[in-house]
Amino acid sequence: MCEALAFEADRRAFIITINSFGTELTKDDRAKLYPRCGKLHPDGLAKLAQADEYEQVKVVADYYGEYKPLFDGAGTGPGEKTLEDRFFEKEVKIMMSAFMQQFHFGVFYAYLKLKEQECRNIIWISECVAQKHKAKIDSYIPIF
């Protein structure tokens, strides 16, 4: 459960930072939005608060072994997996591992998060069919 919550907090910190580029949000205001837990707390969050561009966020992720592969190879071109997709894939792996442990309430949280991903997959497939992009149907994130 701790791993899942730490990952969720760190993912939100990365996404808040990246989405705040080019907006009127100041660095101090951005720092106030960060969760006060996770593996990035406190040093990584301080470095993210000072980031001005995507490359600086990537440098912060390079310090943390589990986030470095998510940023490496993440692209925005056609056929490439976005950073958000890579975060969702990592989340699915963490949630599946929650079922391998006993005597904790994390399985209920993991079940709900996997159901959310299943709903996202169904929406993705139905949007592909509706827009006649059948070649992209297989780009969903498999759960099991």
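Select Glu91 to begin. In this predicted model, Glu91 counts as buried because its relative accessibility is 2%, under the 20% limit for that label. The residue lies in helix H6, which covers residues 83–98.

Keep Glu91 selected and show its side-chain partners. A polar contact of 3.5 Å links the Glu91 side chain to that of Arg11. Another polar contact, also 3.5 Å, links the side chain of Glu91 to that of Lys113. Now expand the selection to everything Glu91 touches, leaving aside residues up to four places away in sequence: Phe7, Glu8, Arg11, Lys113 and Arg120.

Next, show H6 together with helix H7, residues 106–130. How do the two axes cross? The axes of H6 and H7 come within 9 Å and cross at roughly 145 degrees. The crossing is left-handed. To see the contact itself, select these two sets:

- On the H6 side, take Phe88, Glu91, Val92, Met95, Met96 and Ala98.
- On the H7 side, take Gly106, Val107, Tyr109, Ala110, Lys113, Leu114, Gln117 and Arg120.

Colour both sets by residue class: the H6–H7 contact consists of nine nonpolar, two polar and three charged residues. Glu91 and Lys113, the pair joined by a side-chain polar contact, are both in these sets.

Between the two helices is a loop, and Phe103 is the residue to pick there. Phe103 has a positive phi of about 60 degrees, although it is not a glycine. Is its side of the loop buried or exposed? Phe103 is exposed, since its relative accessible area is 82%.

Follow H7 into the segment after it and select Lys132. Lys132 is not a glycine either, yet its phi is positive, at about 60 degrees. With 69% relative accessibility, Lys132 counts as exposed.

Turn now to the largest nonpolar core, a set of 27 residues. Within it, Phe14, Leu48, Tyr67, Phe71 and Phe87 touch the most other members. At least two core residues come from each of helix H1 (2–20), helix H3 (43–49), helix H4 (54–62), helix H5 (68–71), H6 and H7. Which helix gives the most to this core? H6 does, with seven residues.

Zoom in on Tyr67. Not counting residues up to four places away in sequence, Tyr67 touches Ala6, Phe7, Asp10, Phe14, Ala61 and Phe87. Two of the names in that list, Phe14 and Phe87, are also among the core residues that touch the most other members. Phe7 appears in the neighbour list of Tyr67 and in that of Glu91.

For the next stop, select Asp28 in helix H2, residues 27–33. Asp28 is exposed, as its relative accessible area is 56%. Draw a C-alpha to C-alpha distance from Asp28 to Leu114: the two are 34 Å apart in space and 86 residues apart in sequence.

Then move to the loop between H2 and H3 and select Pro42. The peptide bond from His41 to Pro42 is cis, with omega near 0 degrees.

Finally, zoom out to the whole chain. The protein chain has seven helices and zero strands. Its C-alpha trace spans about 45 × 40 × 25 Å along the principal axes. Of its 144 residues, 31% count as buried. Among contacts between residues at least 6 apart in sequence, 48% join residues at least 24 apart.

Notes. Residues are numbered from 1 along each chain as its sequence is written. This is a predicted model: local features need pLDDT of at least 70, side-chain atom pairs count only at pLDDT 80 or more; totals for chains, interfaces and linings use all residues. Side-chain values use heavy atoms; hydrogens and water are left out. Helices (H or I, at least four residues) and strands (E, at least two) are DSSP runs, numbered from the N terminus. Buried means under 20% relative accessible area, exposed over 50%, partly exposed in between (1.4 Å probe, protein chains only). A polar contact is a pair of N or O atoms within 3.5 Å; within protein, one must be able to donate a hydrogen and the other to accept it, and residues adjacent in sequence count only if both atoms are side-chain atoms. Contact means heavy atoms within 4.5 Å. A nonpolar core is a set of buried Ala, Val, Leu, Ile, Met, Phe, Trp, Tyr and Cys residues joined through side-chain atoms within 4.5 Å. Axes are lines fitted to C-alpha atoms, for helices over the stretch in contact, and angles run from 0 to 180 degrees between N-to-C directions. A crossing is left-handed if the near helix is turned anticlockwise from the far one by less than a right angle, and right-handed if clockwise. Ala, Val, Leu, Ile, Met, Phe, Trp, Tyr, Cys and Pro count as nonpolar, Asp, Glu, Lys and Arg as charged, and the others, Gly among them, as polar.
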